[in-house]
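Work through the exercises below with the sequence and the 3D structure at hand. Each task is followed by a solution in steps.

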Amino acid sequence: MKIDEAQIKTKVRGILQKFNNNSAMLVGILQDAQSELGYLPHEALHAIHEYLDIPLTRVYSVATFFKAFSLVPLGKHQVHICMGTACHVRGAEKILDSVKRELCIEPGTSDKDLNFSLETVNCLGACALGPIMVVDGKYHGNMKIEGVKSILESYKEPGGKI
Amino acid sequence: MLKRLNSPHELEDLKKSIRSCRDLNKTVVSVCAGTGCITLGSGEVIEALRKEIDAQGIGHKVEVRASGCHGFCERGALVNILPQNILYQRVKTQDVPELVAKTLVEGQVVERLLYPDIVTGKRITREDEVPFYARQKRLLLEHSSRIDPQSIEDYLYFDGYKALGKALYAMDPQQIIEEVKASGLRGRGGGGFLTGKKWENTRDAHGDVKYIICNCDEGDPGAYMDRSLMESNPHSVLEGMIIGAFAIGAHEGYIYIRNEYPLAVKNATNAIIKAEEMGLLGDNILGKGFNFHIQISRGGGAFVCGESTALMASLEGKVGEPRAKYVHTSEKGLWERPSNLNNVETWANVPLIINNGAKWYSGIGTAGSKGTKIFSLVGKVRNTGLVEVPMGITLREIIFEIGGGIPGNKRFKAVQTGGPSGGFIPDTLLDLQVDFDELTRVGSMMGSGAMIVMDESNCMVDMAKYFITFLLDELCGKCLPCREGMKQLHTILIRITNGEGTMADVQMIEDLCSTMKTASLCGLGQSAPNPVLTSLRYFREEWEAHVLEKRCPAKVCKALITYNISEKCPGCGLCVKACPETAIVSKGKKQPVELDQIKCIRCGTCYDVCKLDAIVVK
C-alpha cells in the first residue's frame, strides 16, 4: 500500500496533536504512526522531526532501536513466532524453521508480494500454551510442525500461493 | 458517571452500598478472561454461557463474570462457580449447555469437567482442593479470579482502596516508609533491594519534583506475573503507587507497559480513568489535598528497557540505553529528577502491608525475604501456570506438588530461574528453599519470577546458547565488555554445538564470563554469564560430551544427531508426506521407509508426525 506524502503528513499531525506535540512521547508517537500507516515511512519520520523540531537522527535512532518498529512496508498478514524460554524448551525453533520453509522468508522480512511478514518475539506471556504462533493478532497455542501449513494456508488469498 | 469521593467515610459508605446491592444468593460464574484462557476460547465460552442462561430463564439468579486470570493456564478455559467454588477446567463452548442445565439449573456437578487428580485420577470438585491451588498462598492473586478487572466496584467490594484511606488519613509519609521498611519487602523486579529504603532515599533526595514509575516491561521470557496482575487486578497496582507517591512526595507517575501486552494496557488505562473519576487518583485524592497523576507509556519491545535507567531514557522519548549508576536514580532519574521505580508486583504488595501491618507481612517468608512471590511455572511441567507461594518454599514443592511433576514419564533435569540473568539449578538442589539469597548463592537469581522446568530431552549447552543468542539480539551495544563479550560467547557456543569446539573454548568462555561480570555497565551484561556459568557448573559432563565426544546427550544439537528409521516402521508413509525435503522414500507396503541422510535437514518433522516411535534419534 503506497500512501502519498500529503496524507502521511496529515496523519502525523493528527497523532502529534493527540500527544500534545510532546517529544517525550516519541516512542508512543512512533507506535501510533506505525499502527496507522502500517510501517514507518521515511516521510513520516521526517514529518515528526520537522513538527516536533527535534533532530532527525534522534527520530531515526529511536525508530531503529526498538524492535516494534519497521521502516519497510509489512505484509498483509503478520506472523509472529514466540521464542521465549518456555516456548523454546517445547520446540519453538522447529516451528520457526517450519514457518520459514513454508513462507520462504527469514524473520524480520516480508515476502515479495507483501502477503506475509515474519517476526520473532521474545515472550508473549502465554507460556502455558507454548509453542505459540500468532497470525494477525490471533494466538495459536500448542503448535505442532504439522499444523503450520494449514494455519498459514487459511490466510492466503483464494487461488493465490503462500 | 461514578460518584466522586471526598473522604474515607464516603469510601466506606460506598462500599457498604455496593455490598448491600449484591444479591448473596446469586450464583456467580466466574470465567477467566486472561490472555491464556482467551487463547483457549474463554471469550466464546462467556458468550455461550450468557446466551444459554438467558434461554433457560435463570438470568435473575446467575451472574456471568469475565474475571481476571485464575492462574491455572494449562487447564483453560477455566470456569469457577461461586459460592460453591466448583472448578471446571478445559471448558469448551460445546460444554456450556450441559454445564448450565446440570449445574446452574439442577445444582449437580458435571463430573467430566472437573480436574482429575494426577495420581489417582479421582475428580476434584472444589478449586481449593485441587493440589495446584491447595499448596499456594494467594495474597496478591487472591481476588484476581473473583473480580472483573474493568469494574472498580468489584475491587471496592473486596475492600479495595482501604489501604489508601488509611495511609492518607491515619499515617504520615514517614510512618508509611517505616512500615514498608519494617515489612522487609524487597523489590520483585529481580534486584531484591529493600523497597522501603528505596522510598526513603527518594523522599530524602533534593528537589520538589519527584517521579514514581511502575515497571511493567516484563521482558524476561517465561515470566508473565506482571502481565497477569496488571490485567487482572490493576487497581491493586494503582493503590500501591498512590500510597508510594504520598509517602515519597511525588505528584506524577508513569506505568511503563510492554506493547506486547495489549490487554494489560487496556485494563490499566480503564482503571486510571475510573479511579480518577472517583477521586482516588488525580487532584485532591479522597479530599486530602494530595495530587497524583498517572500516565501510561507503552514500551517499544526492548529487553534492556527493563533496566531502570534504560527504561527512564525510553520514557523521555530516547533510545533505551542504560547509564552508569554512580548517581542513583533516587537522586537523578527521569528528567534528572529524583525517581522511584518499582516493579508491578512490588507495588501490588503495598496495600497488603498497609492494611495488615508490617508485623503480619514479615511473619511470612524467610529471614531475608519476606512475603509471597508469584512464579510463572512453565516449560516441562504438568500444571503450567502462575503460582503464588511464601518465600522459603522448596523447589521440589513448587515443581512436584503444585506443578505435578514432569509430563510424559520423563526425568527432571533442571529448573531455570531469573530469565536471561539467572541460572540453571540441577536436581541435587531441588530441596533448596526459594528466596532471594538462596537463589543467588547457587549461581542463579530471583529475577522477576520465571521458573522454567527442563527435562532430559533439553540440552543444557543448547539452553546456554539460547540465552546468549537472546541477549546478543537484545543488548544495547553501549559498553564494550557486554557487546563484544556476548558476540564471542555466541561464536564459541555455536562452534561447540556444531561439534567443532575444544576444551580451550570452554576455558575461553569462563574467562569471557568473568570479564563481563566485572566490567559491564549495567545488570544485563553483568548477569548475562549466569546461564552459561551455571550450565557449566552443574552439567559439565554434557559440555564434555559435545566437545570431546562430538555427541549431544539430549539429542537436540542438530549437527550432532541423525534421524534413523527403525525396523518397527510399518511404512505407513506419514513421514514421507510430511518431510519437507523429500528425504524419505516409501519402499512399498509394510516395508520400513528409507531416509536419505544427505538430503535430511534434521528438522524433526518425521519424528513429530510418527505415531509409532519408529523414528530414532542417534
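Two strands count as paired if DSSP finds at least two bridges between them. The model used here is a predicted one.

**Exercise 1. Find how many bridges join strand E1 to E2 in chain B, and place both strands in their sheet.**

Step 1. Strand E1 of chain B covers residues 27-32, and six bridges join it to E2(B). Given the requirement of at least two bridges, E1 and E2 therefore count as a pair.

Step 2. The two strands run parallel. One of the bridges can be located by its residues: Val28(B) has Glu63(B) as its partner in E2(B).

Step 3. The sheet is open and has four strands in the order E2-E1-E3-E4 (chain B), with mixed pairing. Strand E2 (62-67) and strand E4 (86-88) of chain B each have a single partner strand, so they stand at the edges with one side lacking a neighbour in the sheet. From one strand to the next, the twist averages 20°.

**Exercise 2. Decide whether Ile29(A) is buried or exposed, and list what it touches.**

Step 1. Ile29(A) is part of helix H2 of chain A.

Step 2. A residue is buried if 20 or more other C-beta atoms lie within 10 Å of its own. Ile29(A) counts as buried because it has 25 C-beta neighbours inside 10 Å.

Step 3. Leaving out residues up to four places away in sequence, Ile29(A) touches Ile15(A), Leu16(A), Phe19(A) and Ile48(A).

**Exercise 3. Describe the side of chain A that touches chain B.**

Step 1. Count the residues: 36 of chain A are in contact with 47 of chain B.

Step 2. Find the elements of chain A that give two or more residues to this side: helix H2 (26-37), helix H4 (56-65), helix H5 (85-89), helix H6 (92-103) and helix H7 (145-153).

Step 3. Sort the residues of this side by type: 20 are nonpolar, ten polar and six charged.

**Exercise 4. Work out how the buried residues of helix H16 of chain B are arranged.**

Step 1. H16(B) spans residues 395-402, and its buried residues are Leu395(B), Ile398(B), Ile399(B) and Ile402(B).

Step 2. Viewed down the helix axis, the buried residues of H16(B) fall within an arc of 120°, so they line one face. An α-helix has 3.6 residues a turn, so residues three or four places apart point the same way.

Step 3. Among the elements against which the buried residues of H16(B) pack are helix H5 (131-134), strand E11 (372-379) and strand E12 (385-390) of chain B.

Step 4. After H16(B) comes Gly404(B), with a positive phi near 75°.

Note on methods: Residues numbered from 1 in each chain as written. Chains lettered and ligands numbered in written order. Predicted model: local features only at pLDDT ≥ 70, side-chain atom pairs only at ≥ 80, totals over all residues. Contact = placed C-beta atoms within 7 Å. Nonpolar A, V, L, I, M, F, W, Y, C, P; charged D, E, K, R; others polar. Buried ≥ 20, exposed ≤ 12 C-beta atoms within 10 Å, placed from the backbone. Axes fitted to C-alpha atoms, helices over the stretch in contact; angles between N-to-C directions. Arc of directions from axis to C-beta.
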